Amino acid sequence: MYWRHGYGGETGTYRKGLQSDSRLRGRRIIEPLPKSKSGLGDFAEEPKYVEFIVNVDDNGDEVYHTCNPYKLSHFPEENAAGKLTLVHFNKQVLNKYYDEPSKYTVEDSMVRCASLWSMKIDNHDPDKVCVFLDELGISLPHVEQEHWRAHNIPPEGGVSETFGRRNFGGEWANSDQPDVLFKQSYEQLQKACDEYLGWQLLKPLGSEDEYRLKRLRIPVSDEQCDFDDLVQDLQTILIESIDVKGLRRLLSEAERVNLKGKRSIEVLGEILSFHSVEDADHRISFLQKLQTLRSKGSGHRKGGDYQKIANYFGVDSLGQREAFIGILKQTLDTVDFLISIVQSGKLGDKNDADC
């Protein structure tokens, strides 16, 4: 620390008109943390690991085992837990990650938190999620292990066929879950449009709507709010994203007159009909009914009109969860149909447009 006092006129001061000036400066040295708080070397804290249910004994009591990978073996002794011991969880364990799509991503056989961590999972069963015991210890920080522990259930049954064929059979196996398949087909449609059209039949989602595709999944319960949100997501991804301007460019000026005032689904239907595309009617009908379900449901106060369209999709007879699975399957069929149309060249060819 030092102190300075200067005298003088115009040239001896820092500011004009002052006969003197002073300046006080100092530094304070802050002591470091004690070594015991440094977290380094011998003072580093031991990693924490959660115990999970890995079995049920003959008395019906749950058997727990740590997920510490250093205490697991590839070849455990009889009735002991090993690295590949399967731990089971209810499907709600993934809701946290679906509900924060800016931070987490749930993919085919994988859940990840940006670039911080990722974990292999079996998410191909409609009612549960399975994870290898050592994956829980290797991949997850302790706070995430606690989250999974809260959804841990006693083991019942094995892994899904898809997961089993991939991890134990060494086979290439696609998922049979419609939400996973829909996301794959949506990506395939984008690639097909790039390759054959040079423009996107479904306009890419903006940054404000990307979360809708990321969080799309089969709901775990029959909650009306979840059903409404997921129907809205499909409406945005599939219907509101139809590139009407791109479709109009496929017609001459005279032919476009018939499209005046028509909405996106009607425009798509007219274009497919004009190009003599077969089997388009029931796909267009499905899109119209899906739009009605959204507009009469999450778009407005529910009434008699909503009940009619909900009955069509089997909401009352099947429940919201099973009804949405049916909607996803029809949506998947529609996207696969669009892929085939794009690849057929019936909507034009980008190479012809470039000539």
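A search of the whole structure turns up 16 salt bridges. That term covers a side-chain nitrogen of Lys or Arg within 4 Å of a carboxyl oxygen of Asp or Glu. Bear in mind that this is a predicted model, where local features need pLDDT of at least 70, side-chain atom pairs count only at pLDDT 80 or more, and totals for chains, interfaces and linings use all residues. Residues are numbered from 1 along each chain as its sequence is written, and side-chain values use heavy atoms, with hydrogens and water left out.

Here are three of the salt bridges, with the gap between nitrogen and oxygen.

| Salt bridge | N to O distance |
|---|---|
| Asp 233 and Arg 212 | 2.7 Å |
| Lys 262 and Glu 270 | 2.7 Å |
| Asp 333 and Arg 283 | 2.9 Å |

Let's start with the salt bridge between Asp 233 and Arg 212. This pair links distant parts of the chain, with Asp 233 in helix α7 (residues 224-239), Arg 212 in helix α6 (residues 210-215), and their positions 21 residues apart. Helices here are DSSP runs of H or I with at least four residues, strands are runs of E with at least two, and both are numbered from the N terminus. Are these two partners buried or exposed? Asp 233 is buried, because its relative accessible area is 0%. Arg 212 is buried too, with a value of 12%. The words have fixed cut-offs: buried means under 20% relative accessible area, exposed means over 50%, and partly exposed is in between (1.4 Å probe, protein chains only).

Next comes the salt bridge of Lys 262 with Glu 270. Lys 262 has a relative accessible area of 29%, so it counts as partly exposed. Glu 270 is partly exposed as well, at 33%.

Then there's Asp 333 with Arg 283. Asp 333 lies in helix α14 and Arg 283 in helix α11, so their salt bridge ties together parts that are 50 residues apart in sequence. Asp 333 is partly exposed, with a relative accessible area of 33%, while Arg 283 counts as buried at 13%. Some salt bridges also share partners: Asp 209, Arg 212, Arg 215 and Asp 233 are joined into one network that way.

Helix α14 (residues 320-344) also holds Gln 343. Which residue does Gln 343 come to, 151 residues apart along the chain? It's Ala 192, and the two C-alpha atoms are separated by 6.5 Å. Gln 343 is partly exposed, because its relative accessible area is 42%.

Now for the aromatic rings. Rings of Phe, Tyr and Trp (its six-membered ring) pair if their centres lie within 6.5 Å; planes under 30 degrees apart count as stacked, over 60 as edge-to-face, and the rest as tilted. By this rule there are 12 aromatic pairs. One of them is Phe 52 with Phe 89, an edge-to-face pair at 5.9 Å centre to centre and 80 degrees between the planes. Phe 52 sits in strand β3 and Phe 89 in strand β5 (residues 86-90), 37 residues apart, so to speak a link between distant parts of the chain. Both Phe 52 and Phe 89 are buried. Tyr 97 and Tyr 104 make another edge-to-face pair, with 4.8 Å from centre to centre and 75 degrees between the planes. Tyr 97 is buried, and Tyr 104 is as well. These four residues also belong to one aromatic cluster, made of Phe 52, Phe 89, Tyr 97, Tyr 104, Trp 117 and Trp 148.

On to the backbone. Most residues other than glycine have a negative phi. Ser 276 has a positive one, near 55 degrees, and Asp 279 does too, near 65 degrees. Where are they? Ser 276 is in the loop between α10 (264-274) and α11 (281-296), and Asp 279 lies in the loop between α10 and α11. Ser 276 is exposed, because its relative accessible area is 54%. Asp 279 counts as exposed at 53%.

Last, the surface. Asp 57, Asp 58, Asp 61 and Glu 62 form a negative patch there. Patch members have over 30% relative accessible area and no salt bridge; like charges are joined within 9 Å. Asp and Glu count as negative, and the place of a charge is taken as CG of Asp or CD of Glu. The areas come from the Shrake-Rupley method with a 1.4 Å probe. Within the patch, Asp 58 lies in the loop between β3 (51-56) and β4 (62-66). Asp 58 is exposed, because its relative accessible area is 84%.

Conventions: Patches are made of residues with over 30% relative accessible area and no salt bridge: like charges are joined within 9 Å, nonpolar side chains (Val, Leu, Ile, Met, Phe, Trp, Tyr) within 5 Å.
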